[in-house]
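Student: Hey, got a minute to go through this one with me? Put it up and let's talk.
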Amino acid sequence: MGRFLVLVIVVVLAVWLIRRALSGSASRGKQPSPPPQGDGELVTCAHCGVHLPRSEARPSGEALYCSEEHARLGPGEPK
Ligand SMILES: [Zn+2]
């Protein structure tokens with residue numbers, strides 16, 4: 001009976017450790033709140049390089065611009 005009890009404890013312990021390891025590795029990536037969309041995040045104007053909040057940026061193609069003017073002019077040469 002003693003051996004059986006030890007076996008049960010070992011199995012329970014092993015299952016617990018495996019489940020803990022699996023859940024730990026699965027949630028280690030991005031458990032905290034997802035990155036904020038919009039407010040707070042700064043983006044760079046592809047034309048003049050000015051930094052502005054993403055919510056105020058003008059997307060054009062794959063690039064972001066600070067104004068309609070720069071969106072129209074397109075990516076500028078880095079100075
Ligand atoms: Zn700009």
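Tutor: One definition before we start: a residue is buried if 20 or more other C-beta atoms lie within 10 Å of its own, and exposed if 12 or fewer do. Also keep in mind that this is a predicted model.

Student: OK, so what share of the 79 residues in the chain is buried?
Tutor: Buried residues come to 9% of the chain.

Student: And which residues make up the largest nonpolar core?
Tutor: That core has five residues: C45, A46, A57, Y65 and C66. As background, nonpolar side chains in soluble globular proteins tend to be buried together.

Student: Let's pick A57. What is A57 in contact with, leaving aside neighbours within four places in sequence?
Tutor: The list is V43, L52, L64, Y65 and C66. Two of those, Y65 and C66, belong to the largest nonpolar core along with A57.

Student: Switching topic, how many helices and strands are there?
Tutor: The chain has two helices and four strands, in the order α-β-β-β-β-α along the sequence.

Student: Where does E62 lie, then?
Tutor: E62 is in the loop between β3 (58-60) and β4 (63-65).

Student: Is E62 buried or exposed, and why?
Tutor: E62 counts as exposed because it has 7 C-beta neighbours inside 10 Å. Its C-alpha is 9.7 Å from that of A46, with their positions 16 residues apart in sequence.

Student: What about S67, which loop is that in?
Tutor: S67 lies in the loop between β4 and α2 (68-73). S67 has 16 C-beta neighbours inside 10 Å, so it counts as partly exposed. From S67 to A57, C-alpha to C-alpha, is 7.0 Å.

Conventions
Residues are numbered from 1 along each chain as its sequence is written. This is a predicted model: local features need pLDDT of at least 70, side-chain atom pairs count only at pLDDT 80 or more; totals for chains, interfaces and linings use all residues. A nonpolar core is a set of buried Ala, Val, Leu, Ile, Met, Phe, Trp, Tyr and Cys residues joined through C-beta atoms within 7 Å. Two residues are in contact if their C-beta atoms, placed from the backbone, lie within 7 Å.
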